[in-house]
Amino acid sequence: MNENWHQKAVDDVFKEIGSAAVTGLSSKEASRRFYKHGPNKLVEKKKKSAFMMFLDQFRDFMIIILIAAAVVSGIVGELSDTIAIIVIVVINAAIGFVQEFRAEKAMEALKKMAAAFAVVLRDGAPSNIPAEEIVPGDVVLLEAGRIIPADMRITEAVNLQVEEAALTGESMPVNKNVEVLVDEKLPLGDRINMSYKGTFVTYGRGAGVVTATGMNTELGKIAVMLQGEEEAKTPLQKRLKNFSKKLAWAILVICAVVFLVGLMRGEEPLIMLMTAISLAVAAIPEALPAVITISLALGAKKLVTQNALIRKLPAVETLGSVTYICSDKTGTLTLNEMTVEEIYADGNLIKTGEKQSDKKRQLVREYMMSGLALSNDVGVDSESKLIGDPTETALYQIANLNGFKKNSLEIDMPRVAELPFDSERKCMTTFHKLGNNIHADDPPYISYTKGALDVLLARSVDVLTSDGFKKIDTAEIEQVNKDMAASGMRIICLCMKKWESLPISLSPETAESGLTLLGLIGMMDPPREEAKEAVAMCKAAGIKPVMITGDHPLTALSIARRLKLIDGNETASITGRELEDLSMEEFERRVENIRVYARVAPEQKLKIVKALQDKGQFVAMTGDGVNDAPALKRADIGVAMGITGTDVSKEAAHMILLDDNFATIIGAVKEGRRIFDNIRKFIKYTMTSNSGELWTIFLAPFLGLPIPLLPIHILWINLVTDGLPGLALAAEPAEKGIMQRPPRHPKESIFAHGMAVSIIIVGLLMGFCSIFTQAWSIKTGHTNWQTMVFTVLCLSQLGNVLAIRSEKESIFRQGLLSNMPLLGAVLLTILLQLATIYIPFLNPIFKTAPLTLAELFFVFALSSVVFFAAEIEKFIKRRFIK
């Protein structure tokens, strides 16, 4: 069916669609069309069952390894390890299931936007029918408060205004008319003779003929995109998948070598098999899923206090990888509140807040401010909140700020007549009776007219100045208007006229001619103060902020410059129409340099996200409307607005801003970086510990020493050191300068920046300390050598966890008390280890024996080698490696 209904005259639309303005469709024809087009509703694709969703959680490679480890632990008799691993796996699966199940709710929220009933013309008479029964060709009657039930061409409009923010991003209600629009490629927001399913009428009345229903509507197209978009894997998920596969092969190879070397030395095959299996179980960081989940959950809890609600846990970490933040303008970067910025009157351009001390200009100011206060329909509710059109609210507030209070003025200057705003006239007029104490020389009545300059300039005969009434300098006024518009402001012209009596015929021709021009008022939705700082922080952190808006390019560029999104005269911007003409290949060549997108359509937001992702970027995308949902779902981080956001956008998003503030995103990015750092610290810690165990068992036979550890020792060290101390790393505070470094490269390995080398070297050092303990103890005749090796390896790992808290900062500068959970976990683990040595009934279980005080001192001294070595390494990094 024709997509360009906005280009056709109303009569041609009726003719082509086979309907009539007066009678609508017949019931018989409507039934036929219903059979052909189907119900006017959004159709969901077949859902995955809840059971299959749950099973899918066990397909992750790391989870499969853990399940295998649980089975092996059970076979060798370590039921405690089996139970612990199974609990971790089930909790992890449950969390994943809940997240996926909630993600399926986005379509349900989209369906709720549809109107339940609508009034249509059937057989020539109005009929209130279920909206699902509407068909193309139906004539729908519209009035304030009604949801638009389908896409339609407007055929009648009487002061008709429609709120389309959820669909187009346009923050102001749109004035609708029936006139033909010539441009074929107009964005939805500029098609003012069309209305779309899911939007709603805020003012006036009208009618429209339905051009599309169900999945063929603009809302339906969004539903198709929403259901077709797969959520991107998070950076951590990608890194862990790669890590798990490499780890599995490495463990199999090492354990096979240990087993074969033991056999070659003549060790008992059963003991070597048990040792190899124990080593395999110990080498698997089974606490990793728990650490990740706890880190993300703690991060999510902290972010709620900072006005960021996390809907999908992996999003917390992904924030730390973000390289681009694509943000809506209205309400996120700006206040979402129209504010008067400049006033032009009496030949002067005055910025809001500037003081006027010239008494000669006082009269002009009085007329100007009185007009703004009185020619205004803003009201105040019981909670002292302003009710009314955003433009009028801004005018009301500037008058109030200057001491001209509407309620007080109306006592002396009551409104006695009016001509309401009309989208065709582009202006409104109010008449007021002047009290005795108001301008005594004036006639008894005054009218104020406000509206578009192009209309009122032609109807004005003079301009009021401090020197009285003067001829209008049209060129000067138009230049001022042009300059204000170039700054992205919306401009209102205010005029007045004095009357001896009210006109007999209250018509635009008599009331809105022969006017005196008072001045121009420039207003805009100004940027948030905190957004300026947040943009600067973004740039310092190597993140590129991008503005995407449905607003006009001039307004978008003005806000972008004020926020320093773009510098000076830089114009790294593009409109929706220009974007439409670009191929994906050509767009991808330019996308990384564009900072401002204006007048974009829903599918274009998705195009922007895909193009950036194709260039290897990680994208956070903010949005509040239905039109944003597909892009929010596709983005690496979809960020919905908590105050102005639709349910659809919230359900599709990973995170919700409870205060709709761009600065909140930057705080969340910082938290994401902290969490990834802590997860990386845990992986470094646990892999270093496992490396130490592997080197100890692997190297001992080559040095002619017996197997230094029994399976029970390996599993115990793995349990106590990977347990509480590892989990406590999740509480580690952010390191200094965390927001002064660039984002991690999306394809960067989890072992980047020398982490893999550090794991091997520190692991070797642990192994060396353990083997030295074994060799020295055997040579000097200490019969408890195995207990000493067991304890040195355990305590060495605790020293390592304290040193690993920072890449460069010394533990002594950080302070031991700056992570109390970790300090408590280390002390508890030391007590548990001492319990295995000194509590008699535990000795036969752990194959240990009590150590003498000298032996214990030796063990603690040797265990501290790893800690001090790590501190020396950090000192070298701080001093010599920048």
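Colleague: By class, what makes up the lining of the largest cavity?

Modeller: In this predicted model, that lining has 5 charged residues, 4 polar and 4 nonpolar. Asp, Glu, Lys and Arg are the residues counted as charged.

Colleague: What makes this space a cavity, and how much space lies in it?

Modeller: A cavity is a set of points where a 1.4 Å probe fits but cannot get out. The space in the largest one is about 120 Å³. It is lined by 13 residues, and those closest to its centre are K684, S758, I804, A870 and E873. Searching the whole structure gives 4 cavities of 30 Å³ or more.

Colleague: Which helices each supply at least two residues of the lining of the largest cavity?

Modeller: Those are α27 (662–699), α30, α31 (785–803) and α35 (853–880). With 4 residues, α35 gives the most to that lining.

Colleague: How do you know that the length of α30 agrees with the span expected of the helix?

Modeller: Helix α30 covers residues 755–779, which is 25 residues. At 1.5 Å a residue they should span 36 Å, and the end C-alpha atoms are 36 Å apart, so the two values agree. The expected span takes 1.5 Å times one less than the number of residues. Just after α30 comes G781, with a positive phi of about 80°.

Colleague: Why are α27 and α30 called oblique?

Modeller: Their axes cross at roughly 45° and come within 7 Å. Roughly parallel needs an angle under 35 degrees, and roughly perpendicular runs from 65 to 115. The angle fits neither class, so α27 and α30 are oblique to each other. Their crossing is right-handed.

Colleague: What makes α30 roughly antiparallel to α35?

Modeller: The two helices pack at about 160°, and their axes are 11 Å apart. The cut-off is over 145 degrees, so α30 counts as roughly antiparallel to α35. The crossing of α30 and α35 is right-handed.

Colleague: Why do α27 and α31 get the description roughly antiparallel?

Modeller: They pack at an angle of about 150°, with axes 10 Å apart. That angle is also over 145 degrees, so α27 and α31 are roughly antiparallel to each other. The crossing of α27 and α31 is right-handed.

Colleague: What is the volume of the second largest cavity, and which residues are closest to its centre?

Modeller: Its volume is about 90 Å³. The lining of the second largest cavity has 12 residues, and T168, P187, L188, G189 and V600 are the closest to the centre.

Colleague: By class, what does the lining of the second largest cavity hold?

Modeller: It has 6 nonpolar, 4 polar and 2 charged residues. Gly counts as polar and Pro as nonpolar, so G189 falls in the polar class and P187 in the nonpolar class.

Notes: Residues are numbered from 1 along each chain as its sequence is written. This is a predicted model: local features need pLDDT of at least 70, side-chain atom pairs count only at pLDDT 80 or more; totals for chains, interfaces and linings use all residues. Side-chain values use heavy atoms; hydrogens and water are left out. On a 1 Å grid over the protein atoms alone, a cavity is a set of points where a 1.4 Å probe fits but cannot get out, and a pocket is an open set with protein on both sides within 12 Å along at least five of seven lines; lining residues have an atom within 4 Å of a point. Grid points are joined across faces, edges and corners, and a volume is the space filled by probe spheres set on the points. Axes are lines fitted to C-alpha atoms, for helices over the stretch in contact, and angles run from 0 to 180 degrees between N-to-C directions. A crossing is left-handed if the near helix is turned anticlockwise from the far one by less than a right angle, and right-handed if clockwise.
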